[in-house]
Amino acid sequence: MNLDVIDKKILRAVQKNSRITFSQLAIIVGLSASACCRRLTNLRKSGVIKNEVAILNSKFIGPRVSMIVTVTLEREQLNVINAFKKSCEETEEITQCYYVTGKTDFVLLISMPTMEDYDEFVQKFLFENRNVKRFETHVVMDRVKIEFDAPIT
């Protein structure tokens with residue numbers, strides 16, 4: 001799908017607030033509310049907008065410990081890489097997973113209630129996976145910036 005200037009304005013606006021009204025959107029992009037509705041519906045149907053989520057305030061859902069974990073696999077074979085990707089997708093504690101270049105193969109963002117829970121997770125998910133060569137954990141001390149907006153040019 002080719003995005004025009006108006007589509008990009010709509011996407012910038014809904015990235016900031018997915019609950020924006022069509023009237024508010026119309027003012028921002030310079031179209032009627034009904035035209036904005038049609039365009040936004042098309043952006044959703046075409047898959048440009050993959051998902052719309054609520055970002056929770058961690059103060060209200062209980063204490064969490066966040067870790068950034070780098071994982072190096074034993075072998076760089078397509079079936080091994082795909083199996084690891086699938087296991088990450090299916091694991092709730094892994095909030096983000098990136099397949100990367102460099103000395104490591106994957107970067108995982110993991111959220112757990114306690115360090116004890118993380119230790120248990122490591123035993124099951126990483127130590128028992130024969131394809132994991134090594135991993136390194138970085139405990140997050142402070143969440144300085146969290147943005148999910150994709151730059152739209």
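**Ser 111 and the salt bridges of the model**

Ser 111 is located in strand 3, which covers residues 106-112. The structure described here is a predicted model. With a relative accessible area of 15%, Ser 111 is buried, because buried residues are those under 20%. When its neighbours within four places in sequence are set aside, the contacts of Ser 111 are Arg 64, Val 65, Ser 66, Glu 93 and Thr 95.

Salt bridges were examined next. The structure contains 6 of them. In one of these, the side chain of Arg 39 meets that of Asp 4, with an N to O distance of 3.0 Å. Arg 39 belongs to helix 3 (residues 33-45), whereas Asp 4 is found in the segment before helix 1 (5-16), so this pair ties together parts that lie 35 residues apart in sequence. Arg 39 has a relative accessibility of 24% and counts as partly exposed. Asp 4 also counts as partly exposed, at 32% relative accessibility. Both residues fall into this class because partly exposed covers the range between the buried limit of 20% and the exposed limit of 50%.

Arg 39 also forms a salt bridge with Asp 7, and the closest N and O atoms of this pair are 2.9 Å apart. Here too distant parts of the chain are linked: Asp 7 is in helix 1 and Arg 39 is in helix 3, 32 residues apart. Asp 7 is buried, its relative accessible area being 6%. Through these pairings, Asp 4, Asp 7 and Arg 39 are linked in a network of salt bridges. Within this network, Asp 7 is buried, whereas Asp 4 is partly exposed and Arg 39 is partly exposed.

A further salt bridge joins Glu 90 and Lys 86, with 2.5 Å between the closest N and O atoms. Glu 90 is exposed, with a relative accessible area of 56%, because the exposed class takes in residues over 50%. Its partner Lys 86 has a relative accessible area of 46% and is partly exposed. This salt bridge therefore pairs an exposed residue, Glu 90, with a partly exposed one, Lys 86.

Notes: Residues are numbered from 1 along each chain as its sequence is written. This is a predicted model: local features need pLDDT of at least 70, side-chain atom pairs count only at pLDDT 80 or more; totals for chains, interfaces and linings use all residues. Side-chain values use heavy atoms; hydrogens and water are left out. Helices (H or I, at least four residues) and strands (E, at least two) are DSSP runs, numbered from the N terminus. Buried means under 20% relative accessible area, exposed over 50%, partly exposed in between (1.4 Å probe, protein chains only). Contact means heavy atoms within 4.5 Å. A salt bridge is a side-chain nitrogen of Lys or Arg within 4 Å of a carboxyl oxygen of Asp or Glu.
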